[in-house]
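Hello,

Here is the structure I promised to pass on. Please have a look, then read my notes below.

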Amino acid sequence: MARAPAGLSRSRAGVGVGAPASAAQGASDDYEARRRAAFDWRRWYGTARWRAVRAEQLAQEPLCRMCAADGEVRAATVCDHVEPHRGDEAKFWNGPFQSLCAFHHNRDKQSAERAAGR
Ligand SMILES: [Zn+2]
């Protein structure tokens, strides 16, 4: 079952990799399924379930973790995945999460994309 895509896993964070193996029904379907899965997780952010997860995270940790590391106190508005979930359902829903302000969330994302691009 586990088809390890050697060499593929590191280079393209986020899009196209990590599709659920359960959808493998042949080569072309597999491609379609992976394409869909890459966009599926974006929709998860719009669900009531995600809003509940986010609300709980922000309730437990209302302040931006990175601001706190700099000795700043700023309210967090983003429930961020500590590890990139890459469309992995278990990681997406179960975390671990961290609370970030918008500034740190955006900065974090950009540096993660830079790191993935090399
Ligand atoms: Zn911050």
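**A buried leucine, and what surrounds it**

With 24 C-beta neighbours inside 10 Å, Leu 100 counts as buried, because the cut-off is 20 or more. One caution before going on: this is a predicted model.

Leu 100 sits in strand E2. Leaving aside neighbours within four places in sequence, Leu 100 is in contact with eight residues you can pick out by name: Cys 64, Arg 65, Met 66, Ala 76, Val 78, Asp 80, His 105 and Asp 108. Arg 74 is also worth finding. Arg 74 and Leu 100 are 26 residues apart along the chain, and their C-alpha atoms are separated by 8.8 Å.

**The core**

Leu 100 belongs to the largest nonpolar core, which has seven residues. The other members are Cys 64, Met 66, Ala 76, Val 78, Cys 79 and Phe 97. Two elements give two or more residues to this core: strand E1 (78–81) and strand E2 (97–100). In soluble globular proteins, nonpolar side chains tend to be buried together.

What does Cys 79 touch, not counting residues up to four places away in sequence? The list is Val 53, Arg 54, Gln 57, Leu 58, Phe 97 and Ser 99. Phe 97 is itself a member of the core.

**The chain as a whole**

Now step back. The protein chain has five helices and two strands. From the N terminus on, the order is α-α-α-β-α-β-α. Buried residues make up 13% of the 118 residues. Of the contacts with a separation of 6 or more, 50% are between residues 24 or more positions apart.

**Two backbone points to check**

Both concern loops.

Start with the loop between E1 and H4, where Arg 86 is found. Arg 86 is not a glycine, yet it has a positive phi of about 50°. Is Arg 86 buried or exposed? Arg 86 counts as buried, because it has 21 C-beta neighbours inside 10 Å.

Then move to the loop between helix H4 (89–94) and E2, which holds Pro 96. A cis peptide bond joins Gly 95 and Pro 96. Its omega is about 10°.

If you open the model with a short list, I would take Leu 100 in strand E2, then Arg 86 with its positive phi, then the cis bond between Gly 95 and Pro 96.

Best wishes

Definitions and conventions:
Residues are numbered from 1 along each chain as its sequence is written. This is a predicted model: local features need pLDDT of at least 70, side-chain atom pairs count only at pLDDT 80 or more; totals for chains, interfaces and linings use all residues. A nonpolar core is a set of buried Ala, Val, Leu, Ile, Met, Phe, Trp, Tyr and Cys residues joined through C-beta atoms within 7 Å. A residue is buried if 20 or more other C-beta atoms lie within 10 Å of its own, exposed if 12 or fewer, and partly exposed in between; C-beta atoms are placed from the backbone. Helices (H or I, at least four residues) and strands (E, at least two) are DSSP runs, numbered from the N terminus. Two residues are in contact if their C-beta atoms, placed from the backbone, lie within 7 Å.
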